[in-house]
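The following exercises are to be worked through with the structure in view. Each solution goes step by step.

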Amino acid sequence: MNVCPCGGLPAGASLNECCGPALNNETWPDTAETLMRSRYTAYVLGAEDHLFRTWHPLTRPAEISIDPETRWMGLRVDSTVDGGPEDEHGIVEFTAAHVNEGRSLELHEVSEFARRAKRWMYVGPAYE
């Protein structure tokens, strides 16, 4: 069993048990955190279609492309505020390790999520 690229939820879960069904458009993540994890996994696996369909239409770019030179190495969820199955908004703070042009880097973001048609959507970086 291979652990999902997001680290698995629950920890150590396989891609098929974790983000795979969302990436295959079989299910929709039921929390802001699970949506964020599936989006991270989409970056790892090059699933641009998942990124497009989970990005809120009011904020998403016309086209989405993943940098093929970036290798995503790991995800850490730092905190969540709301974003549960009964919420309408949520915030997920995360750090994603990656390598680009031979340099080890970290992407840190506090992301905003909102429900649209009863589905969680990525809005963008949250600004306080």
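Just after helix 2, Gly 46 has a positive phi of about 75 degrees; helices (H or I, at least four residues) and strands (E, at least two) are DSSP runs numbered from the N terminus. The model is predicted: local features need pLDDT of at least 70, side-chain atom pairs count only at pLDDT 80 or more, and totals for chains, interfaces and linings use all residues. Residues are numbered from 1 along each chain as its sequence is written, and side-chain values use heavy atoms, leaving out hydrogens and water.

**Exercise 1.** Compare the expected span of helix 2 with the distance between its end C-alpha atoms.

*Solution.* Step one: helix 2 comprises 14 residues, 32-45. Step two: the expected span is 1.5 Å times one less than the number of residues, which gives 20 Å. Step three: the end C-alpha atoms are 20 Å apart, in agreement.

**Exercise 2.** Determine how many residues of helix 2 are buried (under 20% relative accessible area, with exposed over 50% and partly exposed in between; 1.4 Å probe, protein chains only).

*Solution.* Step one: 10 of the 14 residues are buried, so helix 2 is mostly covered. Step two: among them are Leu 35, Met 36 and Tyr 40. Step three: the buried residues pack (heavy atoms within 4.5 Å) against elements including helix 1 (20-23) and strand 1 (71-82).

**Exercise 3.** Establish why Cys 4 forms no disulfide (a pair of cysteine sulfur atoms within 2.5 Å).

*Solution.* Step one: the closest cysteine sulfur to that of Cys 4 belongs to Cys 19, at 3.6 Å, too far for a bond. Step two: the count by this rule is 0 disulfides.
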